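Dear colleague,

Please find below the sequence and the structure that I am handing over to you. I should be grateful if you would keep the structure open while reading the notes beneath it.

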Amino acid sequence: MRFIVTFLAALLLLPACAGTLDTGPGLPVISNQFSEAMRWQDYIGAGNFLGSDVRSEFLNQFQQDEDLRVVESRIVSVGLKSDADIVVADYELEYYRLPSMRVKKWHWAQEWQLQSQKGLKTGVWLITNSPPPLP
């Protein structure tokens with residue numbers, strides 16, 4: 001009986017000893033936050049979800065366009081890339097440019113990658129590829 005109690009106690013404590021990487025909020029939460037920032041035309045906030053090497057290109061494209069009006073912003077689908085450490089999300093933006101009121105759709109195959117930094121236990125999901133030009 002004592003052996004069974006000791007064995008069960010060891011099983012309960014074993015997961016507490018495992019040091020796994022905490023990925024923080026999952027990709028669905030993070031990508032939704034990006035979409036909401038884009039929906040409200042908070043391009044600086046949305047830029048925080050991009051890697052530092054592509055952030056300036058993103059901000060130059062969107063902040064300079066004063067006539068751009070966002071109607072809808074969403075992730076349409078998500079899939080794994082063959083590398084298996086990159087998640088590809090099909091992002092769709094519905095927008096119009098003043099003075100026109102014609103709504104257009106624009107797609108961006110976003111490559112999200114979990115970035116872990118030395119000394120930190122949490123990882124951060126970031127977009128690692130630049131957006132295509134917005135027509």
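The notes below describe the sheet, then the helices that pack on it, and finally the nonpolar core.

Please bear in mind throughout that this is a predicted model.

The sheet is open and consists of four strands in the order β1-β2-β3-β4, paired in the antiparallel sense. Strands β1 (68-80) and β4 (123-127) stand at the edges; each has a single partner strand, so one side of each is left without a neighbour in the sheet. From one strand to the next, the twist averages 30 degrees.

The pairing can be followed strand by strand. Eleven bridges connect β1 and β2, which pair antiparallel; within this pairing, Ser73 has Leu93 of β2 as its bridge partner. Strand β2 (residues 86-97) is in turn joined to β3 (residues 104-116) by ten bridges, again in the antiparallel sense. Two positions may help you to find this register on screen: Ala89 is partnered by Gln110 of β3, and Tyr95 stands opposite Lys104 of β3. Strands β2 and β3 form a hairpin, with six residues between them. Strand β2 is also mostly covered, as nine of its twelve residues are buried.

Two helices deserve attention in relation to this sheet. Helix α2 (residues 27-39) lies across β1, β2, β3 and β4, and runs at about 165 degrees to β1. Helix α4 (residues 52-63) packs on the sheet as well, touching β1, β2, β3 and β4, and its direction makes about 155 degrees with that of β3.

Which residues have the most contacts inside the largest nonpolar core? They are Phe34, Met38, Phe58, Phe62, Leu93 and Trp112, in a core of 26 residues. The elements that give two or more residues to this core are the helices α2, α3 (43-47) and α4, together with the strands β1, β2, β3 and β4. Leu93 therefore appears twice in these notes, as the bridge partner of Ser73 and as one of the core residues named above.

Phe58 is a useful residue to select when you inspect the core. Leaving aside residues up to four places away in sequence, Phe58 touches Phe34, Met38, Tyr43, Ala46, Gly47, Leu50, Trp108 and Pro131. Of these, Phe34 and Met38 are also among the residues with the most contacts inside the core.

With kind regards

Key. Residues numbered from 1 in each chain as written. Predicted model: local features only at pLDDT ≥ 70, side-chain atom pairs only at ≥ 80, totals over all residues. Heavy atoms only, no water. Pairing = 2+ DSSP bridges. Axes fitted to C-alpha atoms, helices over the stretch in contact; angles between N-to-C directions. Contact = heavy atoms within 4.5 Å. Core = buried A, V, L, I, M, F, W, Y, C linked by side-chain atoms within 4.5 Å. Buried < 20%, exposed > 50% of the residue type's maximum accessible area, 1.4 Å probe, protein only.
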